[in-house]
Amino acid sequence: PIEVGQPFSLLFNVCTKTNHPAELVAVDALMPEHKHSMNYRPTILAGADGRYRVDGLIFHMPGRWELSIDVRAGEESERLMHDFILK
């Protein structure tokens with residue numbers, strides 16, 4: 001489980017619609033109601049075949065968060081968003 005104020009990691013498999021590996025460019029999270037992001041910048045570690053580990057994520061307070069994930073494949077890039085509430 002993700003705990004308030006405790007560091008955690010996420011694992012990603014990033015690929016295109018045709019199942020080719022893609023690049024994880026950035027991961028961030030913000031609290032829209034408070035208009036600020038995380039207090040820490042996570043580290044992205046690339047593995048093989050579109051696999052990534054993101055370390056150093058810390059959600060410093062409970063509430064609604066928006067996780068943003070930036071990916072790139074060749075000249076195309078896309079931002080994926082996921083909203084959740086941390087209690």
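Strands β2 and β6 pair in the antiparallel sense, with 7 bridges between them. Strand β6 covers residues 63–73, and β2 covers residues 23–31. The model is predicted. Its chain holds 7 strands and 0 helices. Read from the N terminus, the order of elements is β-β-β-β-β-β-β.

**Pairing around β2**

- Strand β2 also pairs with β3, a strand of residues 36–37.
- That pairing is antiparallel and rests on 2 bridges.
- Met31 stands opposite His36 of β3.
- β2 and β3 form a hairpin with 4 residues between the strands.
- Lys35 in this hairpin takes a positive phi near 60°.
- On the β6 side, Ser68 is the residue opposite Asp28.

**Asp28 and its surroundings**

- Asp28 is a residue of strand β2.
- Its side chain makes a polar contact of 3.3 Å with the side chain of Arg41.
- Leaving aside residues up to four places away in sequence, Asp28 touches Ser37, Met38, Arg41, Glu66, Leu67 and Ser68.
- Ser68, one of these, is also the residue that stands opposite Asp28 in β6.
- Arg41 thus appears twice for Asp28: in the list of residues touched and as the partner in the polar contact.

**The open sheet**

- Three strands make an open sheet in the order β1-β5-β4.
- Pairing within this sheet is antiparallel.
- Its edge strands are β1 (8–13) and β4 (43–46), and each pairs on one side only.
- From one strand to the next, the twist averages 20°.
- Strand β5, residues 51–57, is joined to β4 by 4 bridges.
- β4 and β5 run antiparallel.
- Ala46 stands opposite Tyr52 of β5.

**The chain as a whole**

- The chain has 87 residues, and 31% of them are buried.
- The C-alpha trace spans about 35 × 20 × 20 Å along its principal axes.
- The exposed area is about 5900 Å².
- Carbon and sulfur atoms supply 52% of that area.
- Take the contacts between residues at least 6 apart in sequence: 56% of them join residues at least 24 apart.

**Points to locate in the structure**

- For the β2–β6 pairing, start at Asp28 and Ser68, which stand opposite each other.
- For the β2–β3 pairing, start at Met31 and His36.
- For the β4–β5 pairing, start at Ala46 and Tyr52.
- For the polar contact, look at the side chains of Asp28 and Arg41.

Conventions
Residues numbered from 1 in each chain as written. Predicted model: local features only at pLDDT ≥ 70, side-chain atom pairs only at ≥ 80, totals over all residues. Heavy atoms only, no water. Polar contact = N/O pair within 3.5 Å; in protein donor to acceptor, adjacent residues only side chain to side chain. Contact = heavy atoms within 4.5 Å. Pairing = 2+ DSSP bridges. Axes fitted to C-alpha atoms, helices over the stretch in contact; angles between N-to-C directions. Buried < 20%, exposed > 50% of the residue type's maximum accessible area, 1.4 Å probe, protein only. Areas by Shrake-Rupley, 256 points an atom, 1.4 Å probe, with all protein chains shown as cover.
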